[in-house]
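Me: I should like to go through the terms applied to this structure and ask what justifies each of them.

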Amino acid sequence: MRVAAFTDLTGPNGVTIVERPDPEPGPGEAVVDVEACAINRHDLRILEGDSAMVDTDDLPFVSGLDVAGTVADVGDGVTAVEPGDRVVLCPNETCGQCRFCREGPENQCERYSLFHGGLAEAACVRADRLLPLPESVATTTAAALPTAYMTAYRMLQRAQAGPGDLVFVPGATGGVGVASVQLAAVLGARTVGTSSSAAKLDRPADLGLDHGVQGTDPDELRESVGAVGTPDAILNHLGGPYTELGLDLVRRGGRMVICGRTAGSRSEFDVPDLFLGHRRVIGSTMGTQGDLEMLVDLVATGDLAPEVEDTYPLAATGEAFAAMQDRGAVGKPLVTN
Ligand SMILES: NC(=O)c1ccc[n+]([C@@H]2O[C@H](COP(=O)([O-])OP(=O)(O)OC[C@H]3O[C@@H](n4cnc5c(N)ncnc54)[C@H](OP(=O)(O)O)[C@@H]3O)[C@@H](O)[C@H]2O)c1
Ligand SMILES: [Zn+2]
């Protein structure tokens with residue numbers, strides 16, 4: 001089989017298509033013929049040499065978390081799926097033993113990790129992490145769901161966002177950003193979101209973004225986003241200066257949930273504003289397999305249509321990462337076979 005391997009960690013030119021032996025499932029495993037795998041900034045960060053999870057000793061490395069396709073083969077003891085089933089993978093890897101695995105939520109597992117290996121023609125995965133897809137859910141649609149939509153959904157839960165709330169989404173045009181806008185709308189919340197590009201805001205506007213604000217300068221955004229209203233919650237996947245911006249804007253008693261650091265790993269903010277205003281800053285990573293099941297159901301009932309604007313054949317995986325690096329992508333880019 002062919003895989004899109006990272007052969008150096010200097011950016012999108014480091015992706016090389018290489019041949020690997022076809023995988024054989026071990027006990028409890030299934031081999032999935034990959035029809036689509038979404039790419040995330042997580043993969044790009046690995047490819048840029050900016051991830052603690054992968055270094056040059058691990059090369060060649062096959063990334064790709066969000067696998068959807070058809071089960072080709074199963075190992076001993078697998079009963080949940082069988083060859084021919086269309087499935088999506090929950091990429092959570094958990095220990096099954098810590099208190100969060102026992103009592104939940106599993107995404108807080110003390111030894112939490114992620115599956116990598118979906119940028120390939122086939123992937124060998126834990127069978128109990130596969131969810132069968134209803135007929136009405138396309139495989140390519142399902143591939144968009146795991147990382148971006150699970151993460152956004154959990155962030156909305158942690159932010160206690162509900163009907164009528166105003167949710168601020170800095171960076172509303174990417175994977176987590178668009179997912180946040182769409183899922184906030186499902187919950188009956190209103191959204192205000194930003195982008196450096198006015199043109200890129202057209203698509204999230206079609207998908208339910210109530211107020212799009214173009215801009216990158218935090219001082220200008222403080223005024224233009226503040227003019228829309230006082231957010232009850234902030235879903236912050238950018239970090240850096242957007243943390244202080246969010247805390248300046250969020251209402252007294254409001255919540256900011258942070259899942260990422262695209263704009264910087266360090267943030268400064270005014271400590272008295274935090275405690276005198278009873279504001280909360282909450283960290284969040286991914287979601288649970290139950291969240292993914294619920295998201296598949298939302299797609300099946302027609303309440304959610306994940307945004308897939310661009311698809312790339314496996315051989316063009318490097319181009320998909322280049323588009324993400326150049327900030328050309330909207331929603332979830334997919335690599336397809
Ligand atoms: N902790 C978790 O579980 C988890 C899960 C998923 C994602 N994440 C993190 O969340 C972030 C988003 O991931 P993603 O896959 O959704 O990425 P993505 O699709 O590449 O996100 C693109 C968005 O980020 C904005 N952006 C890009 N570079 C920027 C910069 N330098 N300054 C300000 N805005 C910038 C873009 O704005 P423009 O429209 O202006 O280009 C766009 O709105 C990443 O940091 C990722 O690692 C964390
Ligand atoms: Zn655990």
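The exchange below sets values against definitions, and the model it discusses is predicted.

Me: Why is M286 called buried?
Reply: A residue counts as buried if 20 or more other C-beta atoms lie within 10 Å of its own. M286 has 23 other C-beta atoms within 10 Å, so the term applies. M286 is in the loop between β15 and α10, and its phi is near 50 degrees, a positive value in a residue other than glycine.

Me: How do you know whether H278 is buried or exposed?
Reply: The cut-off for an exposed residue is 12 or fewer C-beta atoms within 10 Å. H278 has 10 C-beta neighbours inside 10 Å and therefore counts as exposed. H278 belongs to the loop between α9 (271-276) and β15 (280-283).

Me: What makes the phi of H278 worth a remark?
Reply: Most residues other than glycine have a negative phi. For H278 the angle is near 55 degrees, which is positive.

Me: How do you know that the span of α10 is close to the expected one?
Reply: The expected span is 1.5 Å times one less than the number of residues. Helix α10 (residues 289-300) has 12 residues, for which 16 Å is expected, and it reaches 17 Å from its first C-alpha to its last. After α10 comes G302, with a positive phi near 85 degrees.

Me: What puts the buried residues of α10 on the same side of the helix?
Reply: The buried residues are Q289, D291, L292, L295, V296, L298 and V299. They cover an arc of only 165 degrees around the axis, and therefore lie on the same side of α10. Among the elements that cover these buried residues are β5 (86-89), β9 (130-132) and α3 (139-143).

Me: Why is ligand 1 said to lie between domain 1 and domain 2?
Reply: Domain 1 (2-144 + 308-336) and domain 2 (148-283) both give residues to the shell around ligand 1, so the ligand lies between them. The shell holds 28 residues, and the closest are G171, G174, G175, S196 and G260. Two or more residues come from each of α1 (41-47), α4 (146-158) and α5 (175-186). By class, the shell divides into 8 nonpolar, 16 polar and 4 charged residues.

Me: Which values of omega go with the cis peptide bonds of P60 and P105?
Reply: Between L59 and P60 omega is about -10 degrees; from G104 to P105 it is near -5 degrees. P60 is in the loop between α1 and β4 (66-74), whereas P105 is in the loop between α2 (99-103) and β7 (113-114).

Technical notes
Residues are numbered from 1 along each chain as its sequence is written. Chains are lettered from A and ligands numbered from 1 in the order in which they are written. This is a predicted model: local features need pLDDT of at least 70, side-chain atom pairs count only at pLDDT 80 or more; totals for chains, interfaces and linings use all residues. A residue is near a molecule or strand if its C-beta atom, placed from the backbone, lies within 6 Å of it. Helices (H or I, at least four residues) and strands (E, at least two) are DSSP runs, numbered from the N terminus. Ala, Val, Leu, Ile, Met, Phe, Trp, Tyr, Cys and Pro count as nonpolar, Asp, Glu, Lys and Arg as charged, and the others, Gly among them, as polar. Domain bounds come from an automatic or database domain assignment. The arc is that of the directions from the helix axis to the C-beta atoms. Two residues are in contact if their C-beta atoms, placed from the backbone, lie within 7 Å.
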